[in-house]
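Welcome, and thanks for opening the viewer. Please load the structure, and let's walk through it one selection at a time.

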Amino acid sequence: MNDQVAVVIVAAGSSTRMGGRIKKEYLPLNKGTVLSTVARTFLNTGLVSSLVIVHPAGDVDSCKAALDSDKDFFKDFAHIPVYFAAGGNSRQESVFNALTFLEKNTQPDYVLIHDGARPFLSEELVRLSIRHTIEHKASVPYLEPSETQKEINENKIIVRHLERRTLASVQTPQGFDFNAILSAHKTAHTDGKTYTDDTEINDAYNEFKTFAYTGESQNIKITYPQDIKQNSSMETKMIRTGLGYDLHKLVEGRKLIVGGIEIPFEKGELGHSDGDALLHAITDSLLGASGLGDIGSFFPDTDPQFKDADSAMLLQKAWKCVQDKGWKLENLDCVVLLEKPKFLPYKTQVQENIAKILNVNPDQIFVKAKTGEKLGDVGSSNAIEVFATCLLSK
């Protein structure tokens with residue numbers, strides 16, 4: 001990814017509901033504090049070009065100390081610029097200060113804005129935020145309200161019965177095209193209105209509206225001290241495994257494509273699409289784990305539109321459907337059985353390409369190379385056989 005993505009972590013509030021003892025962003029958590037945990041989650045993805053932390057005006061030292069409490073933080077991320085910007089009298093003003101700081105210093109392509117008191121988000125949510133922001137220019141994770149919603153008047157009388165399916169409880173990170181949200185914030189800064197979050201500012205002044213996608217139930221905002229203890233230990237994940245398999249005949253006159261990488265050989269996979277057996281098996285494993293079906297039901301070989309189709313494109317389409325159901329990839333493990341040519345020299349390149357297709361870290365992908373020991377169709381170089389298993393969570 002060549003786009004520059006900055007992250008703004010807003011931690012300038014007073015934390016009055018925490019009892020006035022300590023700012024919630026500075027409370028201990030994991031290896032350091034709530035704030036260092038939040039920052040580490042973003043930077044661990046390897047997709048962030050710079051970080052701006054918005055601190056209470058006049059107290060940057062406490063903010064730096066909260067990061068430094070994780071003794072490895074500045075060592076682990078020495079290659080990523082970390083900046084500090086003074087907050088304002090409101091969240092809106094604090095974000096505006098951070099955006100104007102970025103305008104003067106780094107001018108990124110995109111920016112993610114996150115509450116410093118939301119430390120339980122996953123790295124996968126960060127990756128989703130970046131992906132949807134690049135695709136839609138503005139994005140926000142949301143959850144459907146779990147309880148029926150009503151609108152009441154000043155006398156506490158219900159005046160409207162709201163449809164829960166049309167409502168969204170939004171979270172952060174909220175992602176935006178940087179120049180667009182900066183321009184919108186500049187206008188909002190002088191219009192005399194108060195805005196509840198950055199999506200409202202974007203939708204007020206930009207032609208494109210904010211895209212909402214399924215967030216994470218554990219991505220709560222800490223309000224009271226007990227929120228940390230309860231949510232640090234709570235088990236929120238549903239886990240599912242998926243098994244994928246594919247076998248393709250090798251024939252002359254076709255390209256040999258494995259994991260989206262063309263491997264020089266006199267034979268290639270025979271198939272309706274480009275015949276990439278590895279990507280087909282991965283697609284099946286992901287669809288199976290999520291309960292959405294299989295590659296045959298998604299991309300039938302009787303449909304002419306999939307004739308010689310790029311299997312990477314098919315995998316991306318299927319993976320998007322899986323992600324839209326709230327599933328995230330924990331890891332993917334594959335076995336490629338191929339007698340000739342030797343697959344091992346291409347293994348790392350294939351793993352990295354699969355990670356790129358799925359927009360995940362390469363260390364979540366592993367591909368093992370095996371031969372057929374000169375037995376059967378694989379052993380006689382007449383076929384390629386692939387097994388793939390995945391672990392999904394939500």
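Is Cys 390 buried or exposed? Select Cys 390 to begin: with a relative accessible area of 2%, this residue is buried. Keep in mind as you look around that this is a predicted model.

**Stop one: a pair of cysteines**

With Cys 390 still selected, add Cys 334. The structure holds zero disulfides. Cys 334 takes part in none, and its nearest cysteine sulfur, the one of Cys 390, is 9.1 Å away. Because a disulfide needs the two sulfur atoms within 2.5 Å, this pair does not count as one. Cys 334 is buried too, at 0% relative accessibility.

**Stop two: a serine in helix H1**

Now select residues 34-44, which make up helix H1, and pick out Ser 36 within it. Ser 36 has a relative accessible area of 1%, so it counts as buried. What lies around Ser 36? Setting aside neighbours within four places in sequence, Ser 36 is in contact with Ala 66, Leu 67, Ser 69, Asp 70 and Phe 73. Show Thr 33 as well: its backbone nitrogen sits 2.8 Å from a polar atom of the Ser 36 side chain.

**Stop three: a nonpolar patch on the surface**

Next, switch on the surface and select Leu 243, Tyr 245, Leu 247 and Phe 387. Together, Leu 243, Tyr 245, Leu 247 and Phe 387 make a nonpolar surface patch of about 410 Å². Which strand gives the most to this patch? Strand S13, residues 239-252, does, with three residues. Click on Leu 247, which lies in strand S13. At 46% relative accessibility, Leu 247 is partly exposed.

**Stop four: salt bridges**

How many salt bridges does a search of the whole structure find? It finds 19, and a few of them make good places to pause.

Start with Lys 71 and Asp 72, whose closest N and O atoms are 3.6 Å apart in a salt bridge. Lys 71 is exposed, with a relative accessible area of 68%, whereas Asp 72 is buried at 15%. Now add Lys 31 and Lys 75 to your selection: Lys 31, Lys 71, Asp 72 and Lys 75 are linked in a network of salt bridges.

Move on to Glu 144 and Arg 164, whose side chains meet in a salt bridge at 3.9 Å, N to O. Glu 144 is in the loop between strand S7 (138-143) and strand S8 (150-152), while Arg 164 is in the loop between strand S9 (158-161) and strand S10 (169-170), so the pair ties together parts 20 residues apart in sequence. Glu 144 is partly exposed at 47% relative accessible area, and Arg 164 is partly exposed at 33%.

For the last selection, choose Lys 374 and Glu 339. Their salt bridge has its closest N and O atoms 4.0 Å apart. This pair links distant parts of the chain, 35 residues apart: Lys 374 is in the loop between strand S18 (365-370) and helix H13 (376-379), and Glu 339 is in the loop between strand S17 (328-337) and helix H12 (347-358). Colour the two by accessibility and compare them. Lys 374 is exposed, with a relative accessible area of 65%, whereas Glu 339 is buried, with 7%.

Terms used:
Residues are numbered from 1 along each chain as its sequence is written. This is a predicted model: local features need pLDDT of at least 70, side-chain atom pairs count only at pLDDT 80 or more; totals for chains, interfaces and linings use all residues. Side-chain values use heavy atoms; hydrogens and water are left out. Helices (H or I, at least four residues) and strands (E, at least two) are DSSP runs, numbered from the N terminus. Buried means under 20% relative accessible area, exposed over 50%, partly exposed in between (1.4 Å probe, protein chains only). A polar contact is a pair of N or O atoms within 3.5 Å; within protein, one must be able to donate a hydrogen and the other to accept it, and residues adjacent in sequence count only if both atoms are side-chain atoms. Contact means heavy atoms within 4.5 Å. Patches are made of residues with over 30% relative accessible area and no salt bridge: like charges are joined within 9 Å, nonpolar side chains (Val, Leu, Ile, Met, Phe, Trp, Tyr) within 5 Å. Accessible areas come from the Shrake-Rupley method with a 1.4 Å probe; for residues, only the protein chains shown count as cover.
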